[in-house]
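Work through these short exercises with the structure open beside you. Try each task before you read its solution.

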Amino acid sequence: MFSWIIDFILSGLPDWLWPAIALGGFATYSFAAIIGNFPAFKPYAIFIKPIGALVCIGGIFMWGGAGVTAMYEEKIRDIKEKIALAAEQSKEANAKIETKIVVKKQVIHDTKVVIQKELVESAAKIDAECKLDPSVPVILNKAAKNPVGTVTVDVQK
Amino acid sequence: MKQLLAILFLTVILTGCNDDAKSLARMGFPEVPKDLVIACPDLAQVDPNTTKLSEVVDTVVNNYSTYHECREKVNNWIDWYTTQQKIYNSVK
């Protein structure tokens with residue numbers, strides 16, 4: 001949370017601030033170096049010079065940091081765009097699959113209806129010529145029953 | 001001035017709850033078509049007391065149809081997975 005607040009504050013600063021601070025520090029350092037040549041200002045120059053140098057170094061450091069952050073922000077923006085595109089493609093792919101499911105389901109259902117209609121038409125003939133042994137439905141039902149329906153597989157071992 | 005500072009502080013704190021900050025650049029799990037997450041039904045059973053072949057054939061026809069639907073479901077799962085994997089791998 002704390003680092004995020006720092007990021008938030010730093011990202012809100014204008015781009016020109018850090019180079020301006022670095023330049024200001026350099027200008028202060030140069031100015032102190034010049035006035036240091038005058039004996040009257042020498043005590044002040046000794047004090048101002050390191051401050052100017054520190055401000056300049058700090059400004060350059062933060063300028064570099066801001067550049068790196070901007071680079072990563074650009075990368076994040078690119079990835080976000082790619083993700084948005086992928087999400088759109090994913091939705092389109094799902095829509096295609098859903099359409100395929102509906103069409104194929106309908107074809108399967110229609111085929112079943114046609115076959116059942118044929119069966120109804122031929123049922124009397126089929127039943128007249130063939131009488132089933134009572135074991136047939138029992139055997140068929142055994143085969144139709146899911147053999148793994150009651151089995152629990154323990155995969156923890 | 002105090003009010004302004006309070007508003008600024010609250011803005012900073014509450015903006016931290018923004019989804020954008022949480023999911024900086026994260027891809028969500030793709031949706032699955034609803035039909036694919038419905039389990040395949042059990043096969044239909046023949047009336048054990050029947051002696052009519054037509055009734056047996058009718059059940060077999062129903063079960064074939066169930067099989068074809070389930071087969072399509074599995075094929076669509078494969079299709080969904082392959083497509084989504086390609087899309088996922090394109091985000092790098």
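**Exercise 1. The interface**

Task: Find how many residues of chain B are in contact with chain A, and work out what they are made of.

Solution. Start with the count: 41 residues of chain B touch 38 residues of chain A. Keep in mind that this is a predicted model. Next, locate the elements on the chain B side. Helices α1 (2-15) and α3 of chain B each give two or more residues to it. Then look for the largest share: α3(B) supplies it, with 18 residues. Last, sort the chain B side by residue type. It splits into 19 nonpolar, 13 polar and nine charged residues.

**Exercise 2. One residue in a loop**

Task: Place B:P41 in its chain, then decide: is B:P41 buried or exposed?

Solution. First, the place. B:P41 sits in the loop of chain B that runs between α2 (19-22) and α3 (53-89). Second, count neighbours: B:P41 has 10 C-beta neighbours inside 10 Å. The cut-off for exposed is 12 or fewer. Therefore B:P41 counts as exposed. Third, compare sequence with space. B:P41 and B:E69 are 28 residues apart in sequence, and their C-alpha atoms are 10.0 Å apart.

**Exercise 3. The make-up of chain A**

Task: Describe the fold pattern of chain A, and say what share of its residues is buried.

Solution. Begin with the elements: chain A has four helices and zero strands. Along the sequence this reads α-α-α-α. Now the burial: chain A has 157 residues, and 8% of them count as buried. Finish with the contacts. Take those in chain A between residues at least 6 apart in sequence; 59% of them join residues at least 24 apart.

Notes: Residues are numbered from 1 along each chain as its sequence is written. Chains are lettered from A and ligands numbered from 1 in the order in which they are written. This is a predicted model: local features need pLDDT of at least 70, side-chain atom pairs count only at pLDDT 80 or more; totals for chains, interfaces and linings use all residues. A residue is buried if 20 or more other C-beta atoms lie within 10 Å of its own, exposed if 12 or fewer, and partly exposed in between; C-beta atoms are placed from the backbone. Two residues are in contact if their C-beta atoms, placed from the backbone, lie within 7 Å. Ala, Val, Leu, Ile, Met, Phe, Trp, Tyr, Cys and Pro count as nonpolar, Asp, Glu, Lys and Arg as charged, and the others, Gly among them, as polar.
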